Amino acid sequence: MGNKQEEEGEEYLFKIVVIGDSAVGKSNLLSRFARDEFDLHSKATVGVEFQTQVLEVEGKEVKAQVWDTAGQERFRAVTSAYYRGAFGALLVYDITRRTTFDSIKRWLDELNTHCDTTVARILVGNKCDLENIRDVSIDEGKSLAQEEGLFFIETSALDSTNVNAAFEIVIRQIYNDVSRKMLNSDSYKAELSVNRVTLVNGSDTSKQKGVLSCCSG
(Lines give C-alpha, C1' and ligand atoms only; values in the text may rest on other atoms or scores of the structure.)
Protein backbone atom coordinates (compact mmCIF):
# COMPACT_ATOMS: atom_id res chain seq x y z
CA MET A 1 0.00 0.00 0.00
CA GLY A 2 2.74 2.42 1.00
CA ASN A 3 4.80 1.60 -2.08
CA LYS A 4 1.81 2.25 -4.32
CA GLN A 5 1.25 5.67 -2.77
CA GLU A 6 4.92 6.49 -3.16
CA GLU A 7 4.79 5.56 -6.83
CA GLU A 8 1.63 7.62 -7.43
CA GLY A 9 3.17 10.63 -5.69
CA GLU A 10 6.51 10.42 -7.49
CA GLU A 11 7.61 13.66 -9.10
CA TYR A 12 10.47 14.60 -11.40
CA LEU A 13 12.22 17.97 -11.72
CA PHE A 14 14.30 18.46 -14.86
CA LYS A 15 16.44 21.51 -15.57
CA ILE A 16 16.49 22.53 -19.24
CA VAL A 17 18.54 25.35 -20.79
CA VAL A 18 17.61 27.35 -23.88
CA ILE A 19 20.74 28.58 -25.66
CA GLY A 20 21.67 30.32 -28.89
CA ASP A 21 22.68 33.70 -30.25
CA SER A 22 20.98 36.93 -29.21
CA ALA A 23 17.56 37.73 -30.74
CA VAL A 24 16.81 34.23 -32.07
CA GLY A 25 13.65 34.19 -29.94
CA LYS A 26 14.70 32.19 -26.88
CA SER A 27 12.72 34.30 -24.39
CA ASN A 28 9.58 34.24 -26.52
CA LEU A 29 9.83 30.47 -26.98
CA LEU A 30 9.94 30.12 -23.21
CA SER A 31 7.10 32.57 -22.56
CA ARG A 32 4.97 30.90 -25.23
CA PHE A 33 5.60 27.48 -23.67
CA ALA A 34 5.18 28.51 -20.03
CA ARG A 35 2.48 31.21 -20.27
CA ASP A 36 1.23 31.12 -23.88
CA GLU A 37 2.43 34.71 -24.31
CA PHE A 38 4.44 36.50 -26.99
CA ASP A 39 6.01 39.96 -26.69
CA LEU A 40 6.81 41.71 -29.96
CA HIS A 41 8.90 44.24 -28.04
CA SER A 42 10.78 41.86 -25.75
CA LYS A 43 14.22 43.10 -24.70
CA ALA A 44 17.43 41.10 -24.66
CA THR A 45 17.76 38.87 -21.61
CA VAL A 46 20.38 40.06 -19.14
CA GLY A 47 21.85 37.16 -17.18
CA VAL A 48 19.43 34.26 -16.67
CA GLU A 49 15.69 33.87 -16.14
CA PHE A 50 13.70 30.67 -15.67
CA GLN A 51 10.11 29.41 -15.76
CA THR A 52 8.66 26.18 -14.39
CA GLN A 53 6.05 24.20 -16.29
CA VAL A 54 4.35 21.00 -15.10
CA LEU A 55 3.55 18.17 -17.52
CA GLU A 56 2.31 14.62 -17.13
CA VAL A 57 4.43 11.91 -18.71
CA GLU A 58 3.25 8.30 -18.47
CA GLY A 59 1.15 9.16 -15.44
CA LYS A 60 4.02 10.87 -13.61
CA GLU A 61 4.19 14.57 -12.75
CA VAL A 62 7.19 16.16 -14.41
CA LYS A 63 8.30 19.68 -13.60
CA ALA A 64 10.42 21.31 -16.28
CA GLN A 65 12.52 24.18 -14.95
CA VAL A 66 13.49 25.98 -18.15
CA TRP A 67 16.39 28.44 -18.01
CA ASP A 68 16.65 31.22 -20.58
CA THR A 69 20.35 32.01 -20.96
CA ALA A 70 21.49 35.27 -22.52
CA GLY A 71 22.97 34.89 -26.00
CA GLN A 72 25.23 37.93 -26.04
CA GLU A 73 28.94 37.19 -25.95
CA ARG A 74 29.55 39.49 -23.00
CA PHE A 75 27.25 37.39 -20.80
CA ARG A 76 28.69 33.98 -21.67
CA ALA A 77 30.94 33.87 -18.60
CA VAL A 78 27.91 34.62 -16.41
CA THR A 79 25.64 32.00 -17.92
CA SER A 80 28.14 29.15 -18.25
CA ALA A 81 27.63 28.10 -14.62
CA TYR A 82 23.94 27.53 -15.31
CA TYR A 83 24.63 24.68 -17.72
CA ARG A 84 25.66 22.47 -14.82
CA GLY A 85 22.92 20.11 -13.67
CA ALA A 86 20.93 20.48 -16.89
CA PHE A 87 19.10 17.40 -18.16
CA GLY A 88 18.16 18.90 -21.52
CA ALA A 89 18.89 21.75 -23.92
CA LEU A 90 17.22 23.58 -26.77
CA LEU A 91 19.80 24.99 -29.22
CA VAL A 92 17.99 27.77 -31.04
CA TYR A 93 18.77 29.60 -34.27
CA ASP A 94 16.80 32.05 -36.41
CA ILE A 95 15.95 30.60 -39.84
CA THR A 96 16.25 34.10 -41.35
CA ARG A 97 19.80 34.71 -40.06
CA ARG A 98 22.46 32.26 -41.22
CA THR A 99 25.01 33.58 -38.71
CA THR A 100 22.86 32.23 -35.87
CA PHE A 101 22.81 28.80 -37.53
CA ASP A 102 26.58 28.89 -38.02
CA SER A 103 26.95 29.53 -34.28
CA ILE A 104 25.21 26.30 -33.26
CA LYS A 105 28.40 24.21 -33.22
CA ARG A 106 30.01 26.73 -30.85
CA TRP A 107 26.99 26.49 -28.55
CA LEU A 108 27.19 22.70 -28.76
CA ASP A 109 30.87 22.83 -27.74
CA GLU A 110 30.00 25.01 -24.76
CA LEU A 111 27.12 22.72 -23.79
CA ASN A 112 29.33 19.65 -24.00
CA THR A 113 31.97 21.35 -21.87
CA HIS A 114 29.59 22.09 -19.02
CA CYS A 115 27.05 19.24 -19.24
CA ASP A 116 26.91 15.49 -19.05
CA THR A 117 27.10 13.75 -22.43
CA THR A 118 23.63 12.22 -21.96
CA VAL A 119 21.83 15.59 -21.97
CA ALA A 120 18.75 15.45 -24.25
CA ARG A 121 19.37 18.01 -27.00
CA ILE A 122 17.14 19.42 -29.73
CA LEU A 123 18.05 21.77 -32.57
CA VAL A 124 15.33 24.40 -32.98
CA GLY A 125 14.96 26.56 -36.09
CA ASN A 126 12.79 29.41 -34.83
CA LYS A 127 10.72 32.01 -36.74
CA CYS A 128 9.40 29.60 -39.38
CA ASP A 129 6.51 32.04 -39.85
CA LEU A 130 9.03 34.15 -41.82
CA GLU A 131 9.27 31.66 -44.69
CA ASN A 132 9.48 34.47 -47.24
CA ILE A 133 12.85 35.63 -45.89
CA ARG A 134 14.23 32.21 -44.92
CA ASP A 135 18.05 32.00 -45.02
CA VAL A 136 18.51 28.44 -43.68
CA SER A 137 16.66 25.55 -45.31
CA ILE A 138 14.88 22.75 -43.46
CA ASP A 139 17.26 20.26 -45.09
CA GLU A 140 20.26 22.14 -43.68
CA GLY A 141 18.75 21.96 -40.21
CA LYS A 142 18.06 18.24 -40.60
CA SER A 143 21.59 17.63 -41.88
CA LEU A 144 23.23 19.37 -38.91
CA ALA A 145 20.95 17.53 -36.49
CA GLN A 146 21.86 14.17 -38.03
CA GLU A 147 25.56 15.06 -37.99
CA GLU A 148 25.49 16.00 -34.30
CA GLY A 149 22.97 13.38 -33.11
CA LEU A 150 20.29 15.93 -32.18
CA PHE A 151 16.53 15.98 -32.38
CA PHE A 152 15.32 18.67 -34.81
CA ILE A 153 12.22 20.81 -35.24
CA GLU A 154 11.24 24.19 -36.63
CA THR A 155 9.08 26.50 -34.53
CA SER A 156 7.38 29.87 -34.45
CA ALA A 157 7.03 31.54 -31.07
CA LEU A 158 4.85 34.14 -32.81
CA ASP A 159 2.08 31.78 -33.97
CA SER A 160 2.86 28.85 -31.59
CA THR A 161 3.90 26.42 -34.32
CA ASN A 162 5.61 23.38 -32.72
CA VAL A 163 6.64 25.30 -29.56
CA ASN A 164 5.07 22.85 -27.12
CA ALA A 165 6.28 19.94 -29.26
CA ALA A 166 9.90 21.13 -29.05
CA PHE A 167 9.88 21.22 -25.26
CA GLU A 168 7.87 18.01 -24.92
CA ILE A 169 10.32 16.07 -27.14
CA VAL A 170 13.16 17.04 -24.81
CA ILE A 171 11.18 16.42 -21.62
CA ARG A 172 10.00 12.99 -22.76
CA GLN A 173 13.52 12.04 -23.83
CA ILE A 174 14.86 13.09 -20.42
CA TYR A 175 12.13 11.07 -18.70
CA ASN A 176 12.90 8.02 -20.83
CA ASP A 177 16.64 8.34 -20.16
CA VAL A 178 16.12 8.72 -16.43
CA SER A 179 13.70 5.78 -16.35
CA ARG A 180 16.19 3.57 -18.18
CA LYS A 181 19.00 4.63 -15.88
CA MET A 182 16.84 3.67 -12.93
CA LEU A 183 16.38 0.24 -14.49
CA ASN A 184 20.17 0.07 -14.93
CA SER A 185 19.77 -2.14 -17.96
CA ASP A 186 22.26 -2.99 -20.70
CA SER A 187 19.67 -1.97 -23.30
CA TYR A 188 19.78 1.62 -21.97
CA LYS A 189 23.52 1.83 -22.55
CA ALA A 190 23.10 0.39 -26.03
CA GLU A 191 20.39 2.88 -27.00
CA LEU A 192 22.56 5.81 -25.95
CA SER A 193 24.95 4.94 -28.76
CA VAL A 194 22.21 5.34 -31.40
CA ASN A 195 21.69 8.82 -32.85
CA ARG A 196 17.99 9.43 -33.32
CA VAL A 197 16.75 12.58 -35.04
CA THR A 198 13.17 13.84 -34.87
CA LEU A 199 12.40 15.72 -38.07
CA VAL A 200 9.65 18.06 -39.20
CA ASN A 201 7.71 16.83 -42.23
CA GLY A 202 6.98 19.46 -44.86
CA SER A 203 7.47 23.19 -44.54
CA ASP A 204 5.74 26.05 -42.76
CA THR A 205 3.67 26.72 -45.87
CA SER A 206 1.99 23.32 -45.46
CA LYS A 207 0.35 24.57 -42.23
CA GLN A 208 0.91 21.15 -40.68
CA LYS A 209 1.72 21.90 -37.07
CA GLY A 210 3.32 19.34 -34.82
CA VAL A 211 3.75 16.73 -37.56
CA LEU A 212 6.86 14.78 -36.61
CA SER A 213 8.66 11.66 -37.73
CA CYS A 214 11.58 9.79 -36.22
CA CYS A 215 14.50 8.21 -37.99
CA SER A 216 17.90 6.81 -37.13
CA GLY A 217 20.99 8.84 -37.88
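**A colleague's note on strand S6 and its surroundings**

1. A good place to start is Ile122, which stands opposite Phe151 in S6. Please keep in mind that this is a predicted model. The pair belongs to a wider match: strand S5 (residues 120-126) and S6 run parallel, and four bridges join them.

2. How do S5 and S6 connect? Together with helix H6 (residues 138-148), the two strands make a right-handed β-α-β unit.

3. Now look at the two sides of S6, which spans residues 151-154. In a regular strand, side chains alternate between the two faces of the sheet. Here Phe151 and Ile153 lie on one side, with Phe152 and Glu154 on the other. Each of these four residues is buried, so that both faces of the strand are covered, meaning under 20% relative accessible area for every one of them. Do note that Glu154 is among the buried residues.

4. Helix H2 (residues 26-35) also deserves a look. Eight of its ten residues are buried, so the helix is largely enclosed by the rest of the structure. The buried set consists of Lys26, Asn28, Leu29, Leu30, Ser31, Arg32, Phe33 and Ala34.

5. Stepping back to the whole chain, you will find eight helices and eight strands. Of the 217 residues in the protein, 47% are buried. The exposed surface comes to about 10800 Å², with carbon and sulfur atoms supplying 47% of that area.

6. Finally, a word on contacts along the sequence. Taking contacts with a separation of 6 or more, 72% are between residues 24 or more positions apart.

Conventions. Residues numbered from 1 in each chain as written. Predicted model: local features only at pLDDT ≥ 70, side-chain atom pairs only at ≥ 80, totals over all residues. Heavy atoms only, no water. Buried < 20%, exposed > 50% of the residue type's maximum accessible area, 1.4 Å probe, protein only. Pairing = 2+ DSSP bridges. Right-handed = clockwise from strand over helix to strand, strands pointing away. Contact = heavy atoms within 4.5 Å. Areas by Shrake-Rupley, 256 points an atom, 1.4 Å probe, with all protein chains shown as cover.
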